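Q: Hi, could you walk me through this structure? I'm new to this, so plain words please.

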Amino acid sequence: MPGLSGPSDYSQEPSRHPCLHINAKEPFNAEPPRSALVSSYVTPVELFFKRNHGPIPLVDDIERYCVDISGLIETPKKLYFRDIRMLPKYNVTATLQCAGNRRTAMSITRKVKGVGWDVSAIGNAVWGGAKLADILELIGVPKLTSCTQSGGKHIEFVSVDKCEEENGGPYKASIPLSQATNPEADVLLAYEMNGEPLNRDHGYPLRVIVPGVIGARSVKWLDSINIIAEECQGFFMQKDYKMFPPSVDWGNINWNTRKPQMDFPVQSVICSLEDMQSIKPGMVRISGYAVSGGGCGIERVDVSIDGGKTWMEATRFQKTGIPYIADGISNDKWAWVLFELTVDIPQSTEIIAKAVDSAANVQPEKVQDIWNLRGILNTSWHRVHVRIGHSNM
Ligand SMILES: Nc1nc2c(c(=O)[nH]1)N[C@H]1C(S)=C(S)[C@@H](COP(=O)(O)O)O[C@H]1N2
Ligand SMILES: [Mo]
């Protein structure tokens, strides 16, 4: 495809913000300091985590760039960038979270395989673009379809980046057709992030955004769409991003026994404090983010300053001035809430956060109980130890 191409080396990477912590250089994987996440409800693009599996693609000619749509439909079609921009534009505020968020902490109890991440493989952005449901309607697949006449049940997104895991082939993933054709699921083909054209790191010129689902399904640098009968057979759907029980190790794994992970579970993290931070005794502001998948709201965030013996409820908010009510109509349904609580901390202690979502799901206490060999979905209670220090604070 002349419009968009995937380089085979890292000589043409974009420049990045110097504050990012680099977890892997090639492919580029980096996250902001945790404090950046609570500085604003919408995460600035340059501080948004970057998760790649190959060199960043390049657009040679945006006029020639188009998305090929084919597979189990009557009439395959090519959609040019201008065709997509002509459709009604939606702005959806959605939190994107990598399934590997907090992987480093899971590796401490027992080693896991994968790029290490602290707590910032997550960000909240306003994604602007066309609804996938509108695009599919344009090519003859009506809204709320779960199976096309020729048996299509899944929709596969294919990129152009050259990924080692795919033996040099492109990154790909799929979602059920029923989700893709449901306008309420807000699945977008996005060309804007926070009101600006997408930048190269985040998928320029066009990416998929699947709200409420692990980041791995939000394919960047979209090249083609296939309507298929079974879910995508690519590496990242079948041999990665699946949740295994703690008893499964590399010696006894059978990938076919589990489904690809889609929605992410309830999560919360304290971002205003680093672990082992020295603080002055007195009033301390504890703040962080809480989010759940599948469109669930955040019902409660509990904070403990005595290692989990007693709990206090934190305040939750999205936009300033509007009270947050879980699943309320004025909420950003797919977005995180920020939480805060100011408490007196007289001595060195362990501070913990745990969230409850609107389906009453709660984060598990111990990381050991959800340990899995790929180190995904570490949603265990988030803990930070603070030390009362008297100098150099
Ligand atoms: N083409 C392509 N799409 C991709 C990936 C990738 O490596 N290649 N990584 C996925 C993963 S695992 C995540 S978490 C998100 C990260 O999106 P971001 O880099 O915009 O934060 O993109 C997803 N889409
Ligand atoms: Mo990810």
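**Sheets, a domain and a ligand**

A: Sure! One open sheet has 5 strands in the order β17-β24-β23-β19-β20, and its pairing is mixed. Strands (E, at least two residues) and helices (H or I, at least four) are DSSP runs numbered from the N terminus, and two strands pair if DSSP finds at least two bridges between them.

Q: Which strands stand at the edges?
A: β17 (277-279) and β20 (312-313); each has a single partner strand, so one side of each is left without a neighbour in the sheet.

Q: And in which sense do β17 and β24 pair?
A: Parallel, over 3 bridges, with β24 covering residues 382-388. The bridge partner of I279 in β24 is I388.

Q: Is this model predicted, and how are things numbered? Which cut-offs apply?
A: It is a predicted model: local features need pLDDT of at least 70, side-chain atom pairs count only at pLDDT 80 or more, and totals for chains, interfaces and linings use all residues. Residues count from 1 along each chain as its sequence is written, while chains are lettered from A and ligands numbered from 1 in the order in which they are written.

Q: New topic: which residues come nearest to ligand 1?
A: H53, C98, S159, Y171 and G215, out of 18 residues around ligand 1. Here a residue is near if its C-beta atom, placed from the backbone, lies within 6 Å.

Q: What about the strands β6 and β15?
A: Strand β6 (residues 66-71) and strand β15 (residues 224-228) pair in the parallel sense over 4 bridges. D68 has S224 in β15 as its bridge partner.
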